[in-house]
Amino acid sequence: MSKIRVEKLTKIFGSHPHEGLRMLDAGKSNQEIRAAGHAVGCANVCFDVEEGELLVVMGLSGSGKSTLIRCLNLLNSVTRGHVYVDGEDITAYSTKQLLEYRRRKISMVFQHFALFPYRTITDNAAYGLEVQGVNADQRRQRAREALQLVGLKGWEDAYPGQLSGGMQQRVGLARALAVKSDILLMDEAFSALDPLIRRDMQHELVQLQQRMKKTIVFITHDLDEALQLGDRIVLMKDGRVVQFGTPEDILNNPANAYVERFVEHVDLSRVLTARAALTRARVVAYPKDGPRTVLHKMNEENFTSIIVVERDYTFRGTISLDAAEQAVRDGARNIEGLIERTPAIGPDTQLTKVINALAAWPYSLPVVDETSGECLGVVTRTGVINVLADNPASGKQADDPGPPAAATHTAAVARGVSA
Amino acid sequence: MTLPVIPKFPLARLLDVGLNWLTLHLAFITRAVASVVGGIIDGITAGLTWLPPWALIVIVGLLAWRAAGRRVAIWSVLGLAFLWNLRLWDATVSTFTLVLISTLIAVGIGLPIGIAAALSKRTGKVVMPVLDFMQTMPAFVYLIPAIPFFGLGAVSASVATVIFSTPPAIRLTILGINQVPHDLIEAADAFGSTRRQKLFKVQLPMALPTIMAGVNQTIMLALSMVVIAAMIGAGGLGGEVWRAIQRLEPGKGFTAGIAIVILAMVLDRITQRIGRRKEVAR
Ligand SMILES: Nc1ncnc2c1ncn2[C@@H]1O[C@H](COP(=O)(O)OP(=O)(O)OP(=O)(O)O)[C@@H](O)[C@H]1O
Ligand SMILES: [Mg+2]
């Protein structure tokens with residue numbers, strides 16, 4: 001069961017939301033509805049969040065991200081639709097149930113921190129517990145633990161005004177963590193921070209997430225941040241969901257021109273991984289091959305090096321053209337002695353790192369699954385350039401049916417982008 | 001051409017009739033109020049004048065030091081000592097008592113009304129015009145009906161003073177609460193605060209500096225009104241001025257006037273700092 005399930009959620013602002021709803025159902029555009037005095041916050045939004053998932057909601061300014069996230073703890077009333085949390089419809093909650101829900105199950109980090117200036121850092125972090133009625137000693141203790149978690153040890157008695165923006169947002173995060181809720185809502189929580197601190201915070205959030213396994217809904221209008229953090233991404237426009245999927249889905253198969261435009265300016269080399277630039281190795285060598293066979297394979301394909309795998313594709317290393325020629329001249333019988341250890345890379349390595357590795361290694365780089373040791377293919381310079389040139393065709397090559405002469409001489413390690 | 005004569009609307013007569021009726025039927029309440037408030041005023045005045053002046057000056061000095069720092073403390077002590085020296089001590093104490101009582105009542109009434117008006121739009125809509133009325137009506141006018149209700153003297157003076165000095169307490173309470181940043185309110189909501197928790201843990205603490213500015217204004221208005229109220233027998237420093245006017249003694253009049261200014265400055269500096277210090281503490 002999903003942790004959160006949002007079903008056809010619609011929020012209309014204005015004094016007569018139901019009139020706006022009628023116009024929406026009649027297919028009127030947001031502009032027409034606005035002209036009639038209503039504002040569409042979000043319309044028929046559906047998605048779900050798994051337990052422990054970090055879901056990013058992304059979109060341009062005014063696309064309804066905040067409206068949406070604020071419906072999850074009912075800071076906004078819901079005009080139509082349902083929000084199920086752990087199977088319970090929170091839109092049907094009574095005031096008392098809602099209070100309890102907000103106290104125990106869900107907490108929020110705000111874009112502009114929203115700290116209480118007259119309270120110390122500790123008392124800020126303890127606010128949620130204080131509201132729950134936890135006694136003073138216990139809540140201070142738990143607040144201090146949360147502050148330590150976000151790296152603010154030693155600042156417990158300071159006031160928010162004495163802290164930098166990055167530190168203030170850590171307090172905001174500690175305040176949300178201190179209540180130990182299952183769900184964390186973060187509305188552009190890092191947008192007000194400068195880029196360096198922002199990167200730190202993203203990094204720390206990922207680490208915290210790995211440790212604490214919270215369900216996080218994170219809003220951003222920054223695609224880099226979305227791709228960096230999100231397990232899945234909800235992309236919004238004009239209050240509607242235009243695409244819902246993993247970062248790779250969104251990059252590789254933009255659902256429409258809007259998503260494509262959104263994706264256009266992203267620094268692909270930071271976002272994409274080796275997997276996207278992977279091409280299958282059409283011809284490989286096996287340890288049992290003799291030097292002549294290997295040399296032949298290389299000459300056929302015009303290779304300067306060839307990768308060596310076991311029959312089950314377990315990666316062994318590479319053999320360079322020079323080494324193979326030398327071995328033939330020397331009349332060597334097998335190739336075991338020729339196999340060079342090679343700097344293999346994992347499929348999830350960032351493309352930036354792949355580029356660096358390629359610069360240091362004269363041949364194409366094998367991509368090896370870290371756990372199984374299986375060779376998934378190779379990354380070549382051309383492959384990387386093609387992906388960065390936003391030319392999906394190069395990546396998709398791996399989906400082609402295997403080469404005609406597949407059977408014994410060549411092994412089609414057909415594991416490409418789609419894997 | 002002659003304009004048709006429209007008979008004068010008998011507003012004054014109507015008000016008189018109304019007030020007389022109220023006096024007649026509410027007398028038992030107003031008398032009770034008068035005796036209670038009068039008793040309190042007399043008690044405090046007696047207590048304060050029983051203390052030797054130097055002791056009171058030291059106490060005020062210490063309070064000023066704690067609330068507002070050394071500079072204010074020194075000037076307060078010097079100012080009060082000068083009043084003592086001018087032989088105006090008793091008058092100062094009685095004026096101060098009236099201001100104190102009136103301010104306490106004004107804040108006691110103003111704070112809850114201000115909170116109610118800030119939290120409920122409808123209450124706010126009723127309260128605002130009443131405040132405008134109370135503040136633009138010339139202060140003297142309140143004195144006239146106060147006499148039939150409460151008799152001549154300190155009680156009438158304090159009632160008129162309360163009416164005159166409550167509006168800033170209400171206004172600045174409303175302002176302070178309305179000024180609380182929206183995202184702080186949302187943060188309070190998001191963590192599941194009840195309305196009460198939100199009020200006491202977020203709205204009032206955030207509004208405190210503004211509310212204290214309102215209290216400061218209330219004190220200043222109360223002081224100015226207490227002086228005017230000498231005309232209905234409130235006594236004190238205002239009484240000195242009033243006597244000097246009737247006897248045409250400009251020297252005495254100015255002396256009492258300067259004493260009022262000194263008292264005003266002492267009260268102002270001390271209370272002003274209380275609010276401001278809270279703000280600096282962030
Ligand atoms: N309280 C409100 N009253 C009326 N309209 C509103 C209100 N809040 C939001 N809207 C409208 O709803 C739409 C979505 O706004 P929302 O704040 O959710 O956008 P957003 O994606 O969070 O944008 P941003 O990136 O600027 O924060 C906008 O058109 C906005 O004008
Ligand atoms: Mg927003």
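Tutor: Hello! Let's start with a definition: a salt bridge is a side-chain nitrogen of Lys or Arg within 4 Å of a carboxyl oxygen of Asp or Glu. Keep in mind that this is a predicted model.

Student: Thanks! How far apart are N and O in the salt bridge of Asp182(A) and Lys3(A)?

Tutor: Side chains of opposite charge can pair when their charged atoms come close. The cut-off for a salt bridge is 4 Å. Asp182(A) and Lys3(A) meet it, with an N to O distance of 2.8 Å.

Student: Where do the two residues sit, and how many residues apart in sequence are the parts that this pair ties together?

Tutor: Lys3(A) belongs to the segment before E1 of chain A, while Asp182(A) is in the loop between helix H8 (165-178) and strand E7 (183-187). The pair therefore ties together parts whose separation in sequence is 179 residues.

Student: What about Glu51(A) and Lys3(A): how many residues apart are they?

Tutor: These side chains also form a salt bridge, at 3.8 Å from N to O. Glu51(A) lies in the loop between strand E2 (39-49) and strand E3 (54-59), and Lys3(A) in the segment before strand E1 (4-13), all in chain A. This pair, too, links distant parts of the chain, with a separation of 48 residues.

Student: Is Lys3(A) buried or exposed?

Tutor: Its partner Glu51(A) counts as exposed because its relative accessibility is 53%, over the 50% cut-off. Asp182(A), at 30%, counts as partly exposed. Lys3(A) has a relative accessibility of 4%, and buried means under 20%, so Lys3(A) is buried.

Student: Which residues are linked with Lys3(A) in a network of salt bridges?

Tutor: We have already met two members, Glu51(A) and Asp182(A). The network that holds Lys3(A) links it with Glu51(A), Asp86(A), Lys105(A) and Asp182(A).

Student: How many salt bridges does the structure hold over all chains?

Tutor: One more example is Glu130(A) with Arg119(A), whose closest N and O atoms are 2.9 Å apart. That pair joins helix H6 (residues 127-132) to the loop between strand E6 (106-109) and helix H5 (121-125) of chain A. Both Glu130(A) and Arg119(A) are buried. Over all chains, the number of salt bridges is 26.

Student: Let's turn to cysteines. How many disulfides does a search of the whole structure find?

Tutor: A disulfide is a covalent bond between the sulfur atoms of two cysteines. Searching the whole structure, over all chains, gives a disulfide count of zero.

Student: Then how far away is the cysteine sulfur nearest to that of Cys42(A)?

Tutor: The nearest one belongs to Cys71(A). Cys42(A) is buried, at 0% relative accessibility, and Cys71(A) is buried as well, at 0%. A disulfide needs the sulfur atoms within 2.5 Å, whereas the distance here is 5.0 Å.

Student: Moving to chain B, how many helices does it have?

Tutor: Read along the sequence, its pattern is α-α-α-α-α-α-α-α-α-α-α. Chain B has zero strands, and its helix count is 11.

Student: What share of the 282 residues in chain B is buried?

Tutor: For context, the C-alpha atoms of chain B fill a box of roughly 65 × 65 × 45 Å along the principal axes. Chain B exposes about 15500 Å², with carbon and sulfur atoms supplying 71% of that area. Of its 282 residues, the buried share is 46%.

Student: Last one: how far apart are the mean positions of the positive and negative charges of chain B?

Tutor: Chain B carries 24 positive and 11 negative charges. Taking the mean position of each group, the separation is 3 Å.

Conventions. Residues numbered from 1 in each chain as written. Chains lettered and ligands numbered in written order. Predicted model: local features only at pLDDT ≥ 70, side-chain atom pairs only at ≥ 80, totals over all residues. Heavy atoms only, no water. Buried < 20%, exposed > 50% of the residue type's maximum accessible area, 1.4 Å probe, protein only. Helix = DSSP H or I, 4+ residues; strand = E, 2+ residues; numbered from the N terminus. Areas by Shrake-Rupley, 256 points an atom, 1.4 Å probe, with all protein chains shown as cover. Lys, Arg positive; Asp, Glu negative; His and termini not counted. Charge placed at Lys NZ, Arg CZ, Asp CG, Glu CD.
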